[in-house]
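Biologist: I should like to discuss the two chains shown here, beginning with their surfaces and ending with individual residues. Please reason each answer through to the value or name that I ask for.

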Amino acid sequence: MGELRAYVALGSAQLRSATSYRASFLVELFGNVGATVFDVLTVLVLFRATPAVGGFSLREAVLIVGLSSAGFALADLTVGNVDRLKTYVRAGTLDAVLVRPLPALPQLLLMDLPVRKALRVVFGVTVLGVAVAANHIDWTPGRVLLIVLTPIAAAVFFGSIFVLSASLAFWWVDSGEIGSAFTYGGRDFTSYPVSVYGGWFRNLFAYALGFGFVAYQPALALLGRADPLGLPAWAGFLSPLVAVGAAAIAAVVWRTGIRHYRSTGS
Amino acid sequence: MYQRDASVPTISRIGPFRAFVATFGALIGSGFRRYATYRQATIAGTFTNIVFGFLRCYVLLAVAAEAVGRRPAGYDAEQLALYVWVGQGLLSVIGIWGWTELADRIRSGDIAADLLRPIAPVTGYLAADLGRALYGMLTRFGPPLLAGALFFPLHTPARWQTVPLFAVSVILAVVICFGCRYVVNATAYWLHDARGPIMLWTLGSGVLGGLYFPLRLLPEEFVVALWVLTPLPSLLQTPLDVIAERDGPALQAGLVGLQLLWAVAILALAALVQRRAEKRLVVQGG
């Protein structure tokens with residue numbers, strides 16, 4: 001109960017500071033939607049040149065990008081700012097977090113909750129809604145469950161990737177942009193049908209790292225399409241499992257990292 | 001008469017041309033050394049550039065495979081692959097994002113120290129930026145291009161003038177990008193906080209500069225308007241179209257000529273903005 005009050009205090013302080021400069025906040029709110037709008041716009045521009053990409057039509061591709069954007073935006077809103085960990089490690093701010101009697105990760109997230117990213121989630125879910133309406137989905141109880149679970153599973157999965165890439169800073173403070181290759185790179189990867197990519201690159205990202213289960217496999221299951229790459233139809237229902245697995249790995253790495261942390265003393 | 005005291009070279013805004021060149025060169029050198037100290041960051045950034053190269057290249061090749069005539073927007077598959085990989089190499093050379101130094105110095109008041117220097121701020125920051133770009137060219141340009149060449153068939157330039165023209169185009173792109181960033185940062189003189197304009201710049205420059213997809217995929221009239229009315233396509237689209245030999249020799253050279261006009265215009269604008277700002281600048285005390 002006391003813990004909860006502490007979190008509420010951290011969160012509401014964040015909300016007050018974000019909204020105290022109203023004009024600046026509005027610019028950031030709309031600027032942030034811009035980034036997600038351009039992701040979807042890129043898909044539309046590419047389909048101007050061709051009727052199909054990777055064997056998928058525009059409608060089907062929008063379903064994939066919608067699932068990916070909704071999940072990514074939700075993860076970016078809630079845990080995205082964990083990538084500032086390297087700044088905290090360098091500046092020694094992390095010490096102040098660790099001496100408080102609360103777990104470090106929720107504190108870090110609430111210290112810097114990016115309220116300005118909220119509209120992105122709204123936009124991502126809207127694109128998903130439009131895609132669901134544009135495709136003729138044969139609704140079964142399984143598919144209804146899937147459309148609800150997939151964006152949440154995608155958010156958990158991306159959230160785990162955010163935590164994993166941020167954890168790099170415990171071992172390598174100058175990890176720089178490496179994390180972006182998997183967070184923003186993962187978002188770009190999941191925005192298109194996996195059949196677009198080739199060779200070892202596809203195997204690595206889609207199956208070894210699990211990005212294929214974020215949006216592509218669930219979209220196939222929703223559409224009732226056979227996977228041109230040969231995975232069975234029930235593979236789409238694996239996405240919550242993949243997400244839970246990723247979260248478990250992220251939790252272990254995070255804990256190891258916290259224990260490994262040596263303060264800079266500054 | 002102008003005299004040198006002992007062996008100390010005089011640095012002066014109204015001094016002779018040689019002293020100016022020496023100062024400008026020294027500033028380029030210091031910009032180079034400043035970025036050369038972040039070696040791990042260079043490696044990390046290169047890795048990320050390469051991953052994004054794979055992502056963009058596969059997507060555009062999939063578009064090419066199913067487009068009518070297999071030439072979306074007039075590029076064949078090898079030209080598209082070259083477009084992507086040279087683009088990933090140039091990204092940090094041209095340095096579209098992440099420069100908030102001027103805005104930060106304006107907000108903190110440190111800009112006052114820059115105004116006391118015997119070299120105009122626009123010139124001083126340009127020299128440092130050229131040093132940064134030179135370091136980027138030596139370290140960040142090659143690896144993505146090499147990775148691309150190993151995994152994808154890339155277009156090989158066929159005309160003799162393409163490579164020198166590309167070199168000129170890259171230098172002009174660096175100057176134009178610097179000028180744009182300078183003007184965007186300088187809005188902090190009036191707004192005290194340039195975060196809004198910097199965010200708009202980050203969004204606009206990536207999409208309308210030709211990074212996410214070749215602008216030629218957009219309706220033609222729109223692209224021409226963009227090219228003539230804004231400096232954005234001159235940042236990446238022009239050097240990439242030049243090296244991919246997307247157009248005939250005349251248009252190829254014409255696009256670089258357009259870049260030259262933009263480079264002059266944007267530097268003049270930056271200098272004008274700086275002069276106006278200096279007149280109304282109130283340095284915060286402390």
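**Surface, fold and core**

Modeller: This is a predicted model. The accessible surface of chain A comes to about 11700 Å², and carbon and sulfur atoms supply 69% of that area.

Biologist: What share of the accessible surface of chain B belongs to carbon and sulfur atoms?

Modeller: For chain B the accessible surface is about 13300 Å². The part of this area that belongs to carbon and sulfur atoms is 68%.

Biologist: How many helices does chain A have?

Modeller: Read along its sequence, chain A follows the pattern α-α-α-α-α-α-α-α-α-α-α-α. Chain A has zero strands, and its helices number twelve.

Biologist: How many helices does chain B have?

Modeller: The pattern of chain B along the sequence is α-α-α-α-α-α-α-α-α-α-α-α-α. Strands number zero in chain B, while the count of helices is 13.

Biologist: What is the radius of gyration of chain A, and does the globule rule agree or disagree with it?

Modeller: The C-alpha atoms of chain A fill a box of roughly 55 × 40 × 35 Å along the principal axes. A compact globule of 266 residues would have a radius of gyration near 18 Å. The value for chain A agrees with this expectation, at 19 Å.

Biologist: What is the radius of gyration of chain B?

Modeller: Along its principal axes, the C-alpha trace of chain B spans about 65 × 40 × 40 Å. For 286 residues, a compact globule would have a radius of gyration near 19 Å. Chain B agrees with that expectation, and its radius of gyration is 21 Å.

Biologist: What percentage of contacts in chain B between residues at least 6 apart in sequence join residues at least 24 apart?

Modeller: In chain A, residues 24 or more positions apart account for 74% of the contacts with a separation of 6 or more. In chain B, the contacts between residues at least 6 apart include a share joining residues at least 24 apart, and that share is 82%.

Biologist: Which helix contributes the largest share of the largest nonpolar core?

Modeller: In soluble globular proteins, nonpolar side chains tend to be buried together. Here the largest nonpolar core has 151 residues, and those with the most contacts inside it are Leu85(A), Leu94(A), Phe189(A), Tyr197(A) and Leu90(B). The largest share of this core, 15 residues, comes from chain B, namely from helix 8 (residues 162-186).

Biologist: Is Asp129(B) buried or exposed?

Modeller: Asp129(B) lies in helix 6 (residues 121-139) of chain B. Leaving aside neighbours within four places in sequence, Asp129(B) is in contact with Val174(B), Phe178(B) and Arg181(B). Because its relative accessibility is 4% and the cut-off is under 20%, Asp129(B) counts as buried.

Biologist: How should Leu58(A) be classed, given its relative accessible area?

Modeller: Leu58(A) is placed in helix 3 (residues 58-79) of chain A. Apart from neighbours within four places in sequence, Leu58(A) is in contact with Leu44(A), Phe47(A) and Pro51(A). Its relative accessible area is 36%, which falls between the limits of 20% and 50%, so Leu58(A) is partly exposed.

Technical notes. Residues are numbered from 1 along each chain as its sequence is written. Chains are lettered from A and ligands numbered from 1 in the order in which they are written. This is a predicted model: local features need pLDDT of at least 70, side-chain atom pairs count only at pLDDT 80 or more; totals for chains, interfaces and linings use all residues. Side-chain values use heavy atoms; hydrogens and water are left out. Helices (H or I, at least four residues) and strands (E, at least two) are DSSP runs, numbered from the N terminus. The radius of gyration is taken over C-alpha atoms; the globule rule is 2.2 Å times the number of residues to the power 0.38. Contact means heavy atoms within 4.5 Å. Accessible areas come from the Shrake-Rupley method with a 1.4 Å probe; for residues, only the protein chains shown count as cover. A nonpolar core is a set of buried Ala, Val, Leu, Ile, Met, Phe, Trp, Tyr and Cys residues joined through side-chain atoms within 4.5 Å. Buried means under 20% relative accessible area, exposed over 50%, partly exposed in between (1.4 Å probe, protein chains only).
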